[in-house]
Amino acid sequence: WEQETPLEIAVKRGNLPIVIQMTEAGSDLESLTLTGETPVMLAANAGWDVVIRYLLSQRVSVKRCNQEGASALALAAAKGHTASLKALLEVDRSMCGVQDGLGRTPLALASSGGHEASVRLLAAADPSQVNVADNQGLTPFFKASRGGHPGAMKALLDYGATGESLAQ
């Protein structure tokens, strides 16, 4: 069983004053959980954009991925945490093209969940990802249509997905 550190608990709960206090006391903001997640990944997964912005101000890396290959951007995208995505994209848009262990991009994850605002944000940040297929040949448009998410489908069409984009 994983023993959570006080920093991990504070980040997961979005307790910014404690995160700041722990940072000032010398906590390692790049420390990894047993599943390979950094504090910024934990904050992205929980949708704590204020904590993310603070961690980013401390110059933490957003380029790391957990054991499943998911970045902080991918974790936020999968849950539709748009404010968190905005904070992360302000620092590094290149993470839009990073695929996890199953070949899914952050845009594909947002599409699967039907998170229209997140889909629009990610597609605008890197339109080249709109038709990128995962390891099974499934595109973001296919994932949105399979999940019955017309808003996400429309957003993808607005950014260049076509009928041929269902699967590759």
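In this predicted model, Arg59 has a positive phi of about 65° and sits just after helix α4. That helix is a useful place to begin.

Helix α4 spans residues 49-57, and its buried residues are Val51, Ile52, Tyr54, Leu55 and Leu56. An α-helix has 3.6 residues a turn, so residues three or four places apart point the same way. The buried residues of α4 pack against four helices: α1 (6-13), α2 (16-24), α3 (39-46) and α6 (82-91).

One of these buried residues, Leu55, can be followed further. Leaving aside residues up to four places away in sequence, Leu55 touches Val19, Leu29, Pro39, Val40, Ala43 and Val60. Leu55 also belongs to the largest nonpolar core, which has 46 residues. Together with Leu88 and Leu122, Leu55 is among the residues with the most contacts inside that core. The helix that gives the most to this core is α5 (residues 72-79), with six residues.

The cysteines are the next topic. A disulfide is a covalent bond between the sulfur atoms of two cysteines. How many disulfides does the structure hold? The count is zero. Why is Cys65 not bonded to another cysteine? The closest cysteine sulfur to that of Cys65 is in Cys96, 13 Å away, which is too far for a bond; the cut-off for a disulfide is 2.5 Å between the sulfur atoms. Looking from Cys96, the closest cysteine sulfur is the one in Cys65, again at 13 Å and too far. As for their surroundings, Cys65 is partly exposed, with a relative accessible area of 31%, whereas Cys96 is buried, at 3%.

Definitions and conventions
Residues are numbered from 1 along each chain as its sequence is written. This is a predicted model: local features need pLDDT of at least 70, side-chain atom pairs count only at pLDDT 80 or more; totals for chains, interfaces and linings use all residues. Side-chain values use heavy atoms; hydrogens and water are left out. Buried means under 20% relative accessible area, exposed over 50%, partly exposed in between (1.4 Å probe, protein chains only). Helices (H or I, at least four residues) and strands (E, at least two) are DSSP runs, numbered from the N terminus. Contact means heavy atoms within 4.5 Å. A nonpolar core is a set of buried Ala, Val, Leu, Ile, Met, Phe, Trp, Tyr and Cys residues joined through side-chain atoms within 4.5 Å.
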